[in-house]
Amino acid sequence: MQFSNNVRPLFESGRESGIDRLSDPNLIKFSIGNPPDEGFPIERIKKASQELLESDPCSMLSYSSAGGRADLKQAVKNFLNRRYETVRENDEITITGGGQQAIALAVQLFCNYGDIVLCENPTFMAALDTIKGMGGKPVGVKMENDGIDLEDLEEKMRTLKPRLLYIISDFQNPTGISLPEYKRKEICRLAYKYDVPVLEDNPYYELRYDGEFIPFIKHYDQHGYVALTSSMSKIIAPGLRVGYVVAEGEMGKGFSLLKTAVDLHVSTWAQRISCKLLEDGMEDEIAHLRELYGHRGRLMYSLLQKYCHRDVEFTKPQGGMFIWVTMPKRCDIDAFLDELAQKGVMVVPGRQFCPDGGRDCTSFRLSYSLASDSDCERGIKIIGDLTRKYLGI
Ligand SMILES: Cc1ncc(COP(=O)(O)O)c(C=O)c1O
């Protein structure tokens with residue numbers, strides 16, 4: 001059987017989602033960036049679903065406008081613009097099957113087979129699969145403590161002629177790092193200078209529990225080079241599979257045409273639920289999530305400080321779900337991660353996030369989204385003890 005060139009790398013990567021192992025109660029799950037059950041607004045979803053099905057059942061069950069319902073697009077616009085101007089008059093919003101689909105559409109929109117997509121090194125591992133699966137070639141740009149290295153970015157934009165930059169602006173997956181304002185502005189300038197469109201992916205934006213909100217990269221874009229994607233996954237529920245991509249002019253049109261060509265639109269039921277929740281206001285739920293992640297993130301960080309060997313480095317996120325832990329190069333990271341897994345602590349090896357395969361990567365990602373206080377204490381103590389075993393006292 002002849003598969004397309006696009007699909008071959010996916011067979012080779014052989015990555016498992018890990019979701020199926022979630023039900024094992026003996027494991028400490030620092031590997032999965034899922035919202036916890038107590039984060040879902042279950043009662044509100046029930047109520048909205050019941051009310052809408054009773055009052056207007058056919059509009060829940062029928063086709064909706066290609067590319068998404070107008071009322072949901074307006075609700076997304078209001079939501080995104082409530083702090084800073086993000087969506088402008090001539091922007092188009094396309095409702096997508098989560099942010100994941102927006103990544104796929106962006107690659108389809110800009111790349112022919114084998115074209116380069118720049119992304120952070122490390123970056124969201126599922127995005128790497130998506131880029132490859134759509135025929136793009138992900139190439140990593142170095143990261144600094146405050147996000148993408150602008151010099152390396154400019155050099156690669158100039159010399160590699162990429163067709164797209166994929167970048168995660170807040171609480172990056174996997175590092176937890178957020179871009180400062182000056183980098184956001186500079187990314188816009190470089191995108192325009194080198195004619196490289198940008199997909200800004202920001203599903204964690206609302207989950208800031210420390211520091212001030214910074215406008216999206218898109219806010220600083222004067223030339224229509226930046227498309228923004230986010231979703232309901234981290235503020236309502238990922239199972240809805242409702243996301244969106246906002247882009248100006250031709251690019252916005254392109255997303256909408258592609259989405260329509262691929263699968264017409266996202267489930268009408270899910271769109272209507274999302275719309276009702278956004279219209280009725282999500283501030284209380286989002287405040288609850290910030291508190292929840294804030295507690296878990298600060299606790300995990302302080303336990304890493306308490307238990308880990310002094311040569312171990314870890315990021316200090318101001319929101320989101322992830323901490324990136326880096327062992328010194330002298331550590332045998334494979335043996336370390338194997339032993340950690342044997343002890344029942346699930347983490348994600350850093351190399352899975354590296355566009356180049358990350359042979360030298362001695363990092364791993366921790367997610368605190370599902371960690372109860374006691375699991376966090378127990379799991380980080382196991383990690384800390386192991387860091388001392390592998391690095392000496
Ligand atoms: C950085 C990033 N982008 C996109 C997604 C996809 O989210 P969804 O498709 O559920 O909106 C995730 C999910 O974990 C993510 O971490």
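## Strand pairing, a helix pair and a ligand shell

Valine 348 stands opposite arginine 365, a residue of strand β15. The model that shows this pairing is predicted, and the points below place the two residues in their sheet before turning to a pair of helices and to the surroundings of the ligand.

**The sheet**

- Strand β14, which covers residues 348–349, is joined by two bridges to strand β15, made of residues 363–367, and these two strands run antiparallel.
- Both strands belong to an open sheet of four strands, whose order is β11-β12-β15-β14 and whose pairing is antiparallel.
- At the edges of this sheet lie β11 (313–314) and β14 (348–349), each of which pairs on one side only.
- Strands of a sheet pair through backbone hydrogen bonds, and they can do so either parallel or antiparallel.

**The helix pair**

- Helix α7, residues 150–160, packs with helix α8, residues 181–193, at an angle of about 10°, and their axes are 11 Å apart.
- Because angles under 35 degrees count as roughly parallel, α7 and α8 are described as roughly parallel to each other.
- On the α7 side the contact involves Leu150, Leu153, Glu154 and Met157, which meet Lys183, Glu186 and Leu190 of α8.
- Sorted by type, the residues of this contact comprise four nonpolar, three charged and no polar ones.

**The ligand shell**

- The ligand is surrounded by 13 residues, of which the closest are Gly98, Gly99, Gln100, Ser231 and Ser233.
- Helix α5, residues 98–110, gives the most to this shell, contributing three residues.
- By type, the shell around the ligand divides into eight polar, four nonpolar and one charged residue.

Conventions. Residues are numbered from 1 along each chain as its sequence is written. This is a predicted model: local features need pLDDT of at least 70, side-chain atom pairs count only at pLDDT 80 or more; totals for chains, interfaces and linings use all residues. Axes are lines fitted to C-alpha atoms, for helices over the stretch in contact, and angles run from 0 to 180 degrees between N-to-C directions. Angles under 35 degrees count as roughly parallel, over 145 as roughly antiparallel, 65 to 115 as roughly perpendicular and the rest as oblique. Two residues are in contact if their C-beta atoms, placed from the backbone, lie within 7 Å. Ala, Val, Leu, Ile, Met, Phe, Trp, Tyr, Cys and Pro count as nonpolar, Asp, Glu, Lys and Arg as charged, and the others, Gly among them, as polar. Two strands pair if DSSP finds at least two bridges between them. A residue is near a molecule or strand if its C-beta atom, placed from the backbone, lies within 6 Å of it.
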